[in-house]
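The report below describes a two-chain model, beginning with a surface feature and moving on to sheets and overall composition. Please read it beside the sequence and the structure.

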Amino acid sequence: MPEWLTSFPTLGEQLLRSVRRAFDEAYRSFSREYGEVIEAIFDPLLYLLVWFERLLLATPWWLVIAAVCALCYAATRSRKLVAWTLVTLLGIGLLDMWEDTMRTLAIISVSTLITIALGVPLGIAMSWSDRLQTVFTPVMDVMQTMPIFVYLIPVVMLFGLGKIPGVIAVVIYAIPPVIRLTNLGIRLVPEDVLEASDAFGASRRDKLIQVQLPLALPNIMAGINQTIMMALSMVVIASMIGVRGLGQPVLEAVTNQYFALGILNGAAVVALAILFDRMTQAYGRRLRAIK
Amino acid sequence: MSSGSIRAQGLYKVFGRDPASVMPLVREGIGKDELRDSHGHVLALRDVNLSVPEGSVQVIMGLSGCGKSTLVRHFNRLVEPTEGRVSVGGVDVLALGPGRLRRFRQSGISMVFQRFALFPHKTVRANVAFGLDVRRTEGSERDKRVARWVERVGLAGYEDSYPGELSGGMQQRVGLARALATDAKILLMDEPFGALDPLIRADMQDLVLGLQAELKKTMVFVTHDLEEAIAVGDRIAILRDGEIVQNADSQELVLRPADGYIEQFTNKINRARVLRVGSVMEPPNPELASPLHCSVDMTLEDALPRVSASPGEEAPVTDGDGNVVGAISVLRILVAVAGGRYSLGDGSEDRLKRTAG
């Protein structure tokens, strides 16, 4: 039997290695050439992140708790949720995870804001253009299924270790739900309501702001909820490229076999996740109830 | 031409991938079914010509799928015709650019929809204000108008409710107020009461008739209900497979239906309530001296007691100024109400008289 039937005929080790090397070289020289420029572009983001983290750390713990509880009440009008928020945050503080939690809160908040600022307009654009939708849908599928470490490599090559690559990785991983659900929400707005706004001479902008976005808002909120959940799930992985927060002790616990430390910090991530989830969901329900 | 008149000339509408390619066949008179089965296009309107004078109510009637909703959407260009001309108030609607078309829809023409099409996330007040908001009528002028129309359609007290909290009839009142708030001279009503219960529908018809007496809008009113058509319409156009079969007032439609299709519509209605004395009277009879007069616009139902109480069961008919313009007899009324089998002026009265005699 000829050899190509028993073992898969590959392109040849030599050729593949040189292709890979050429690709890596090209990217490396690109990052050497433009790394600083790109880093400078992202500087404002870094300032925002650092400023917000310092703000959370410098503010007395009771003030932070009061602010989060007030925000929770404003969004949900639910005393039960406020009580649950209070208990969660007090527990985190008592177990000496306050600082790490604040750092995580900072990066999650900033990542979520960026995700919304990018994702909602992209979703709107996708709802307007079927062509854009056919292009973006597979791109987003790749973003969500590609192993996270794979796109960490070029980001780290470009930015080194630190907060910015962390945020970028979180945003890439967490942005698809917002885009998808904004697009879906706008496309689901009933045809007759759109026809009515046309019949009254509404411009595209009026239609978007007065009709499509408000009616899509419950769906958009569901997307934001998903995004926050996915961002939180990235906390531990982001700590591998130097993002400080609740992920770091978990990483430490894995390498040193500190079971209890791992459980405590993991539980804090879960508690934050539940908190955000209930808050955004209750807010979404309130939006729906208005209808 | 005045600003509230509507005119459609040679209107064709074909739905499908390439309507222009099948237009020669359509003009040659290809059947609707053949066009759909062999050419994959749907014929919605064929050579529709319609002229609605300012201040009158034109009803468009037909079974579902006959193209009536498509036709009404040509007047504010929610649907583009495949061929033909539409002018509103002397303006060629099809020549308007996007900006001018928006302004035309903002203040020249407004619409009420069958399924209400209200904004579910807006309050009654905000729904009524929508047309004013998109044309940037702001402040006290906006609030004043909204309050006036909410009040006029009978929704005072519900300003802060959401459409989902209202009954169907009340929702359509919101739709009506939303359309009236822009003060457009032309009102398109696409089966506005088709989704409502009969009792509520009668209420809404009264509301529209009251408003029309006051506002004298030019109205295009789509319905599939002949009684509604007769109640609101000055003229009634009956559409079949995208063609206007007959366009006439209610008397003409009932007395002289153009074909069997129209008769199918008209033979189920109560003719005594539709036909008016003026449509069926005979020339004046100077020998009549009954003190009981009937006026020309009385329905036969209302006239019957007076006529039968008159000597010889015949009474003089007077016009609005009190001049005697005709005569009406019980027999004449019976023949008109019996319809179909007997027609006026062919001697059937004599036959009836003999049979009765």
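Helix H3 of chain A gives the most to a nonpolar patch, contributing three residues. The patch lies on the surface and is formed by A:Trp61, A:Trp62, A:Leu63, A:Leu86 and A:Leu90, which together have about 510 Å² of accessible area. Two or more residues come from each of helix H3 (61-76) and helix H4 (79-94) of chain A, and A:Trp61 lies in the former, H3 of chain A. Patches are made of residues with over 30% relative accessible area and no salt bridge, with like charges joined within 9 Å and nonpolar side chains (Val, Leu, Ile, Met, Phe, Trp, Tyr) within 5 Å; a salt bridge is a side-chain nitrogen of Lys or Arg within 4 Å of a carboxyl oxygen of Asp or Glu. Accessible areas follow the Shrake-Rupley method with a 1.4 Å probe, and for residues only the protein chains shown count as cover.

The model is predicted, and local features need pLDDT of at least 70, side-chain atom pairs count only at pLDDT 80 or more, while totals for chains, interfaces and linings use all residues. Residues are numbered from 1 along each chain as its sequence is written, chains are lettered from A and ligands numbered from 1 in the order in which they are written, and side-chain values use heavy atoms, with hydrogens and water left out.

Chain A has 14 helices and zero strands, where helices (H or I, at least four residues) and strands (E, at least two) are DSSP runs numbered from the N terminus. Chain B, in turn, has 16 helices and 13 strands.

In chain B, an open sheet of four strands follows the order S2-S1-S4-S5 with antiparallel pairing, two strands being paired if DSSP finds at least two bridges between them. Its edge strands, each pairing on one side only, are S2 (42-52) and S5 (91-92) of chain B. Within this sheet, S1 (residues 6-15) and S4 (residues 83-88) of chain B are antiparallel and share five bridges, and B:Ala8 has B:Val86 in S4(B) as its bridge partner. Helix H1 (residues 19-28) of chain B packs on the sheet, touching S1, S2 and S4 of chain B, and its direction makes about 110° with that of S1(B). Helix H3 (residues 68-75) of chain B also packs on the sheet, where it touches S1, S2 and S4 of chain B, with an angle of about 125° between its direction and that of S1(B). Contact means heavy atoms within 4.5 Å; axes are lines fitted to C-alpha atoms, for helices over the stretch in contact, and angles run from 0 to 180 degrees between N-to-C directions.

Elsewhere in chain B, strand S9 takes part in the two pairings tabulated here, one parallel and one antiparallel.

| Strands | Sense | Bridges |
|---|---|---|
| S3(B) (residues 57-61) and S9(B) (residues 235-240) | parallel | four bridges |
| S9(B) and S10(B) (residues 243-248) | antiparallel | five bridges |

B:Gln58 has B:Arg235 in S9(B) as its bridge partner, whereas B:Ala237 stands opposite B:Asn247 in S10(B). The hairpin of S9(B) and S10(B) has two residues between the strands, and B:Asp241 takes a positive phi near 50° there.

As for chain totals, 43% of the 291 residues of chain A count as buried, and 50% of the 357 residues in chain B do, buried meaning under 20% relative accessible area (1.4 Å probe, protein chains only).
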